[in-house]
Amino acid sequence: MSTPRFADFQRILFFTGAGLSAESGIPTYRGSGGIWAEYDYEDYACQRAFVRDPEKVWDFHDKRRAAVGACEPNDGHRIIAEVQRERAGTSVVTQNIDGLHARAGAPDVVELHGSLWRVRCDAENIVRADTTVPMSPRRCSCGRHWRPDIVWFEDSLDHRNLRRAREALEQCDLLVSVGTSGVVYPAADLPRIAMQGGAVSVEINLEETPVSALYQHRLRGTSSEILASMHA
Ligand code: APR
């Protein structure tokens, strides 16, 4: 089976994960050198931890802001942005919170897991962009700590993002999963919607994942190289 080429499809959907940003120097979450190998999410990335010790949670997210802020989008991000600008029916649904899709020029990105560059105060019902590093001030005018607008473990996904993702998955004719281990739900379930809709499915990853068998094309290598080969 020859590798699908973007030029042969009308409604492409890119479903991306941390592996796409790895080539920009941002560590992935799992595997060797993964963030969760060094940090226990129970202490740094869930609402319980935030209620218990918001300063500690912010110290961790400030480290992430500093690291991500020092990185640039890579060729993989740029190719996806170019395809989305060139081909009107292209959707980008990401689990990444780093903002690199938008920085690469992608005009419309569904951020399923939120963003490192937004904060919210649930008491005041405010959500706003914030790119300060370290994040400052850490407290809203109501006195409570701003919360990173990120979908942490045990959080539910935003129903508006889910609806947008589902609609795009139902309509796509080519699904390209890029750099995700496919182990975090409900996001990991979403590609099935495209497959059930008859879309051609491609998994780009350095290695086999628990969901590889679901994909018609399992392309092994770095995301930037393989995306370039599909864009040629
Ligand atoms: N090119 C392609 N794939 C790569 C590359 C690369 N250069 N580098 C790593 N990978 C692959 C790894 O083999 C792995 O399968 O990317 C995947 C990264 O997996 P995870 O670290 O589990 O990241 P992701 O799937 O995005 O995590 C999902 O989990 O921790 C939560 O909310 C967080 O959004 C995140 C979610």
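Which residues do ring pairs link into a cluster? I opened the notebook with that one, and the answer is Y29, W36, Y39, Y41, Y44, F60 and F153. A reminder to myself before going on: this is a predicted model.

**Entry 1: aromatic rings**

I looked up the total and found 9 aromatic pairs in the structure. I then went through some of the pairs in turn. The rings of Y39 and Y44 have centres 5.1 Å apart and planes at 90°, so I noted this pair as edge-to-face. I checked the burial of both partners: Y39 is buried at a relative accessible area of 16%, and Y44 is buried at 18%.

Y44 also pairs with F60, and here the geometry is tilted, with 5.2 Å from centre to centre and 40° between the planes. Y44 sits in helix α3 (residues 41–44) and F60 in helix α5 (residues 54–69), so this pair ties together parts that are 16 residues apart in sequence. Both Y44 and F60 are buried.

One more ring caught my eye, this time with a charge over it. R128 lies over the face of W146, 4.4 Å from the ring centre.

**Entry 2: cysteines**

How many disulfides does the structure hold? I found 0. C121 is in no disulfide, and its nearest cysteine sulfur belongs to C142, 3.7 Å away. C140 is in no disulfide either, and for C140 too the nearest cysteine sulfur is that of C142, at 3.7 Å. The cut-off settles it for me: a disulfide needs the two sulfurs within 2.5 Å.

Are C121 and C140 buried or exposed? C121 counts as buried, with 2% relative accessibility. C140 is buried as well, at a relative accessible area of 5%.

**Entry 3: the three-stranded sheet**

I turned to the sheets next. One is an open sheet of 3 strands in the order β5-β4-β6, with antiparallel pairing. The edges are β5 (126–129) and β6 (147–150); each has a single partner strand, so one side of each is left without a neighbour in the sheet. From one strand to the next, the twist averages 45°.

I followed the pairing of β4 (residues 114–121) with β6, which is antiparallel and runs over 3 bridges. Which residue in β6 is the bridge partner of G114? I found I150 there. Helix α5 packs on this sheet and touches β4 and β6, with its direction at about 140° to that of β4. This is a helix I had already met, as F60 lies in α5.

**Entry 4: the six-stranded sheet**

What is the strand order in the open sheet of 6 strands? I read it as β3-β2-β1-β7-β8-β9, with parallel pairing. At the edges stand β3 (109–111) and β9 (217–220), each with a single partner strand, so one side of each has no neighbour in the sheet. The twist averages 15° from one strand to the next.

I picked out β2 (residues 91–94) and β3, which pair in the parallel sense over 3 bridges. In that pairing, V92 stands opposite V109 in β3.

Which strands do the helices on this sheet touch? Helix α6 (residues 75–86) packs on the sheet and touches β1 (12–16) and β2; its direction makes about 150° with that of β1. Helix α8 (residues 159–171) also packs on the sheet, touching β1, β2, β3 and β7 (174–178), and its direction makes about 130° with that of β3.

**Entry 5: helix α10**

My last stop was helix α10 (residues 223–231). Which of its residues are buried? I listed S223, S224, I226, L227 and M230. These buried residues pack against β1, α1 (18–22), α6, β7, β8 (200–205) and β9. Several of those strands are familiar from the previous entry, including β1, β7, β8 and β9 of the 6-stranded sheet.

I looked more closely at S223, which has its place in α10. S223 is buried, with a relative accessible area of 5%. What does S223 contact, leaving aside neighbours within four places in sequence? I noted G19, L20, E23, V178 and I204. Of these, I can place V178 in β7 (174–178).

Technical notes: Residues numbered from 1 in each chain as written. Predicted model: local features only at pLDDT ≥ 70, side-chain atom pairs only at ≥ 80, totals over all residues. Heavy atoms only, no water. Buried < 20%, exposed > 50% of the residue type's maximum accessible area, 1.4 Å probe, protein only. Phe/Tyr/Trp six-rings, centres within 6.5 Å; stacked < 30°, edge-to-face > 60°. Helix = DSSP H or I, 4+ residues; strand = E, 2+ residues; numbered from the N terminus. Lys NZ or Arg CZ within 6 Å of the ring centre and 35° of its normal. Pairing = 2+ DSSP bridges. Axes fitted to C-alpha atoms, helices over the stretch in contact; angles between N-to-C directions. Contact = heavy atoms within 4.5 Å.
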